[in-house]
Amino acid sequence: MTRKVTIRDLAEAAGVSVTTVSQILNGKGERFSIDTRTRVHQLQEEMGYVPDFNARNLIMRSAQTIGVIVPNLGNPFFSMFIKGVQSTSRERHFIPLIFGANYDEDLEGYYLQELIKRAVDGLIIASSSITVDAIDNILKKNGIPYLLIDQNGGPSLDSVRINDQHGGQIAAEHLLALGHEKIAVVMPNDPTDNLIVRLEGFKHTLATAGVTLPADATIISPMTKLGGYQAAAAVVKQAPTAVFAVNDEMALGLIRGLHEQGIRVPEDISVLGYDDIDLDDYVVPKLTTVHQPVVTMGEQATTLLINRIQKRQLAPQTVELPVELKERESTGPVSK
């Protein structure tokens, strides 16, 4: 069995010291001639030398890694978010370690502990199950920078904010403009801070227009495609002309459930989602939704976290991202 090529092997082949090779490969070889630098890089490629990660960490005092915990890797919203995380991580020469905790609080805690053991430089946490107190006890005590998605982390923390108040407002305005007044909402039992704000914007806009949302018009179901599907019977019982599902996964599942009950979308009931995941253009009917820039959210969250890792004394950073309505086929005017 052949052994791994070492930095010493590369140095001997190049006819220079190990220190010279190390400095050139770490971008600090300006004092060496172009010929020497070129020879080292060419031999690195020819010999297939890959720097030892642990040795590099000792020299740089950084693992150049960030941990990312999301509730569900199968949710297209989080897949798009991770795409943004990966893009910016690569640009900034960091490696993201990504975990889906399947809405399991114990599993999330386990991943947090293991990421700390592996000396990650910071964490992005897009999970509603981890409480702020738990994060403080684990992360703040270990001096690890972190950024929360969809939770209020407090005024001292960096944050990426979506204007969910406006998102709820434009969702309501769209349904009102189509003549809908008997409206239902599908939402989870324990909504995150951003969902609460989203629903406040929706309800306030309806109330301003003189449309009330009775308590029984709010249908509680898990925030998944299955949750939306299972909510269909309760929606039909309410006999609304339109439904606002607080995320697209619920909306897509709901459309399937309504179809199985002989309900046409949007002719009988309009369905409006929130997120604008890539599946929305590939279902029948195409889903009308409130777009939030999910990939950009991942990019900005990663940028803020790496900025904090590299300069701990930075003032708190906040990025505000807009929302907009994406009108497709799943909403229409009230049937007369």
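**Exercise 1. The end of helix 2**

Task: State which residue follows helix 2 and what sign its phi has.

Solution. Step 1: helix 2 is followed by G27. Step 2: the phi of G27 is positive, near 75 degrees. Helices here are DSSP runs of H or I with at least four residues, strands are E runs of at least two, and both are numbered from the N terminus.

The model is predicted, with local features requiring pLDDT of at least 70 and side-chain atom pairs pLDDT 80 or more, while totals for chains, interfaces and linings use all residues. Residues are numbered from 1 along each chain as its sequence is written, and side-chain values use heavy atoms, without hydrogens and water.

**Exercise 2. Helix 1 against helix 2**

Task: Find which residues of helix 2 are buried, and describe how the axes of helix 1 and helix 2 cross.

Solution. Step 1: T20, V21, S22 and I24 are the buried residues of helix 2. Buried means under 20% relative accessible area, exposed over 50%, and partly exposed in between, with a 1.4 Å probe and protein chains only.

Step 2: the axes of helix 1 (residues 7-14) and helix 2 (residues 18-25) come within 8 Å and cross at roughly 105 degrees. Axes are lines fitted to C-alpha atoms, for helices over the stretch in contact, and angles run from 0 to 180 degrees between N-to-C directions.

Step 3: helix 1 is therefore roughly perpendicular to helix 2. The classes are under 35 degrees for roughly parallel, over 145 for roughly antiparallel, 65 to 115 for roughly perpendicular, and oblique for the rest.

Step 4: helix 1 makes the contact with I7, R8, L10 and A11, and helix 2 with V18, V21, S22 and L25. Contact means heavy atoms within 4.5 Å.

**Exercise 3. The sheet of 4 strands**

Task: Give the strand order of the sheet with 4 strands, and explain why one side of strand 2 and of strand 4 is left without a neighbour.

Solution. Step 1: the order is 2-1-3-4 in an open sheet with parallel pairing. Two strands pair if DSSP finds at least two bridges between them.

Step 2: strand 2 (95-100) and strand 4 (146-148) stand at the edges with a single partner strand each, so one side of each has no neighbour in the sheet.

Step 3: 3 bridges join strand 3 (residues 122-125) to strand 4. The bridge partner of L123 in strand 4 is Y146.

Step 4: helix 5 (residues 76-91) packs on this sheet and touches strand 1 (65-70), strand 2 and strand 3. The direction of helix 5 makes about 175 degrees with that of strand 1.

**Exercise 4. The sheet of 6 strands**

Task: Trace the sheet with 6 strands, then say which residues of strand 8 are buried on its two faces.

Solution. Step 1: the order is 7-6-8-9-10-12, the sheet is open and the pairing is mixed.

Step 2: strand 7 (218-220) and strand 12 (324-326) are at the edges, each with a single partner strand, so one side of each lacks a neighbour in the sheet. The twist averages 20 degrees from one strand to the next.

Step 3: strand 6 and strand 8 run parallel and are joined by 4 bridges. V186 has A245 in strand 8 as its bridge partner.

Step 4: strand 8 and strand 9 also run parallel, with 3 bridges. A242 is paired with S270 in strand 9. From strand 8 the chain crosses through helix 11 to strand 9, in a right-handed β-α-β crossover. Right-handed means that, with the strands pointing away from the viewer, the path from the first strand over the helix to the second runs clockwise.

Step 5: helix 11 (residues 248-260) lies across strand 6, strand 8, strand 9 and strand 10, at about 155 degrees to strand 9.

Step 6: in strand 8, A242 and F244 are buried on one side, and V243 and A245 on the other.

**Exercise 5. Cores and L206**

Task: Name the residues that touch the most other members of the largest nonpolar core, and place L206 in its surroundings.

Solution. Step 1: the largest nonpolar core has 66 residues, of which F81, I124, F202 and L258 touch the most other members. Such a core is a set of buried Ala, Val, Leu, Ile, Met, Phe, Trp, Tyr and Cys residues joined through side-chain atoms within 4.5 Å. Helix 12 (residues 294-310) gives the most to this core, with 7 residues.

Step 2: L206 is found in helix 9 (residues 193-208) and is buried, with a relative accessible area of 0%.

Step 3: leaving aside neighbours within four places in sequence, L206 contacts A172, L176, I183, V211 and L213.
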